[in-house]
Amino acid sequence: MPAIPLSGLIGQPEVAAFLRGIVARQRYGNAYLFQGPAGVGKGTAALAFARAALCDRVPGAAAFTKRADEEPSLFGDAPATEPAAVAIGDDACGECPSCAKSAALQHPDLKFLFPLSGEEREAEKGAAETLDAMREDPFFTFRYDRAASIRVAQTRELQRELAYRPYEAARRVVVVRDCDRMREDQYSTLLKSIEEPGATTVWVLTTARPSRVPATIRSRCQRVRFAPLSESLVREFLTGTAGVPEREARVLAALSGGSLARALSMRDGDALKARDAAMALLAPALEGNARAMWTGVQKFMNFGRTGREDLRRAIEYHQLWLRDVLRARHGAGRESLAFADREREIRALAAQIDATEVRRRLLVLEEALRSIDGNVTADLTLFSTLSRVAGSRMGEGRWPAHGTSRWDY
Ligand SMILES: [Zn+2]
């Protein structure tokens with residue numbers, strides 16, 4: 001995860017302008033809630049904001065530190081320095097000692113809380129490993145299981161530190177990633193700290209599920225809203241910065257749903273190969289061969305070893321395929337097709353299917369995605385979805401008596 005400055009944030013111009021305004025004026029609120037879909041840059045923006053707030057060279061930073069010895073707290077409206085006398089900065093300079101430390105995630109006044117999976121006693125190790133991975137992997141994305149949470153030990157340690165003044169900077173910044181994954185008592189600690197007048201701590205909370213954050217917390221935070229990224233921005237990033245080949249980047253960007261993190265997390269697998277495997281499942285359904293289709297589905301589910309995410313993706317490939325068919329029907333050029341490499345097949349299908357039928361199939365897939373989140377039998381769901389997408393009623397009422405696959409939660 002490279003240290004990206006506020007000026008380098010992708011696709012969130014309003015957010016960047018708002019945060020840079022705060023840095024330039026040096027008027028920090030006690031807490032901010034960054035909310036928006038997963039993987040659109042909330043975490044990156046939170047770190048960029050924190051780094052700007054800790055930079056030695058932004059206006060007022062030095063004067064702040066000097067006077068911090070004399071007064072218990074200068075946070076708030078105290079005029080720390082003559083604004084005209086210092087250079088105007090609204091972003092981390094990237095060159096001062098503070099910036100070097102914050103870029104390495106080693107600034108003593110930068111605290112970072114994030115959800116962890118696994119056992120409580122392993123939490124410390126898990127946290128250290130995650131931080132190492134963040135430092136080393138330029139395209140690091142957070143991945144954790146459903147039960148991952150911000151650990152009590154992490155918040156306790158932070159609580160102890162909050163009793164002291166910041167070590168080096170004028171303020172301390174605490175970034176809490178996915179803050180909806182906390183226990184009730186952790187929220188009350190947080191609340192107490194946010195409400196403390198004259199506090200020197202700036203809280204930056206991020207969440208993709210704001211409704212799960214207690215209203216008491218939400219109401220005390222300034223909300224900063226993030227939008228999904230456009231497909232072309234994600235594609236540009238993948239081909240330009242991440243060096244993903246164009247053909248694959250096109251597919252990943254289309255699958256990403258505007259989430260750069262999702263696109264990045266999928267770039268290790270062979271997206272084109274996975275797509276072709278998913279599309280091949282449909283072939284026997286189109287021929288009306290139920291037996292071959294069932295065998296194909298069983299093979300794909302691999303005795304239940306195929307996870308929910310892979311199943312979801314297989315269905316999403318079919319969605320993208322049909323989206324391309326619709327686009328082709330409306331005369332879209334090669335450039336706007338996600339599966340441009342299979343343009344000929346897409347155009348052939350577009351020529352013989354009507355738009356209503358494509359939409360009907362898209363609805364079937366939509367329904368399948370919803371049921372994957374519920375407690376359904378994977379192989380049966382995939383089987384029935386494919387046969388309905390193929391346009392037949394094949395197999396209805398006489399499906400195999402029982403499914404053999406289950407997936408883990
Ligand atoms: Zn700096």
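These legends go with close-up views of a predicted model.

**View 1. Five strands line up in one open, parallel sheet.** Reading across, the strand order is β2-β3-β4-β1-β5. At the edges sit β2 (110-113) and β5 (222-225), each of which has a pairing partner on one side only. On average, neighbouring strands here are turned by 20° against each other, leaving direction aside.

**View 2. Here β1 meets β4, with helices packed on the sheet.** Strand β1 (residues 31-35) runs parallel to β4 (residues 201-207), and five bridges join the two. One to look for: Ala 31 has Trp 203 of β4 as its bridge partner. Helix α2 (residues 42-54) packs on the sheet and touches β1, β2, β3 (172-176) and β4. Its direction makes about 155° with that of β1. Helix α6 (residues 152-162) packs on the sheet too, with contacts to β2, β3 and β4. For α6, the angle to the direction of β2 is about 160°.

**View 3. Strand β2 is an edge strand, yet both of its faces are covered.** Leu 110 and Phe 112 point to one side, Lys 111 and Leu 113 to the other, and all of these are buried. Yes, that list includes a lysine: Lys 111 is buried, and it stands opposite Val 174 in β3. Strands β2 and β3 run parallel and are joined by four bridges.

**View 4. Four cysteines hold a zinc ion.** The protein donors are the SG atoms of Cys 55, Cys 93, Cys 96 and Cys 99, lying 2.2 to 2.3 Å from the zinc ion. Angles among the four donor atoms come to 105 to 115°, and the site is tetrahedral. For comparison, the ideal angle for four tetrahedral donors is 109.5 degrees. Along the sequence, the donor residues follow the spacing C-x37-C-x2-C-x2-C. Two of the donors show how surroundings can vary: Cys 96 counts as buried because its relative accessibility is 2%, under the 20% cut-off. Cys 93, at 27%, lies between the 20% and 50% limits and is therefore partly exposed.

**View 5. Phe 303 sits out in a loop.** The loop in question lies between α14 (290-301) and α15 (308-329). With a relative accessible area of 68%, Phe 303 is over the 50% limit and so counts as exposed. Also worth finding is Asp 379: 76 residues away from Phe 303 in sequence, but with the two C-alpha atoms 9.4 Å apart in space.

Technical notes: Residues are numbered from 1 along each chain as its sequence is written. This is a predicted model: local features need pLDDT of at least 70, side-chain atom pairs count only at pLDDT 80 or more; totals for chains, interfaces and linings use all residues. Side-chain values use heavy atoms; hydrogens and water are left out. Two strands pair if DSSP finds at least two bridges between them. Axes are lines fitted to C-alpha atoms, for helices over the stretch in contact, and angles run from 0 to 180 degrees between N-to-C directions. Contact means heavy atoms within 4.5 Å. Donors are N, O and S atoms within 2.8 Å of the metal (3.2 Å for Na, K and Ca); water is not among the atoms, so sites may look incomplete. Four donors count as tetrahedral if all angles lie between 85 and 135 degrees; four count as square planar and six as octahedral if opposite donors are over 155 degrees apart and all others between 65 and 115; anything else is irregular. Buried means under 20% relative accessible area, exposed over 50%, partly exposed in between (1.4 Å probe, protein chains only).
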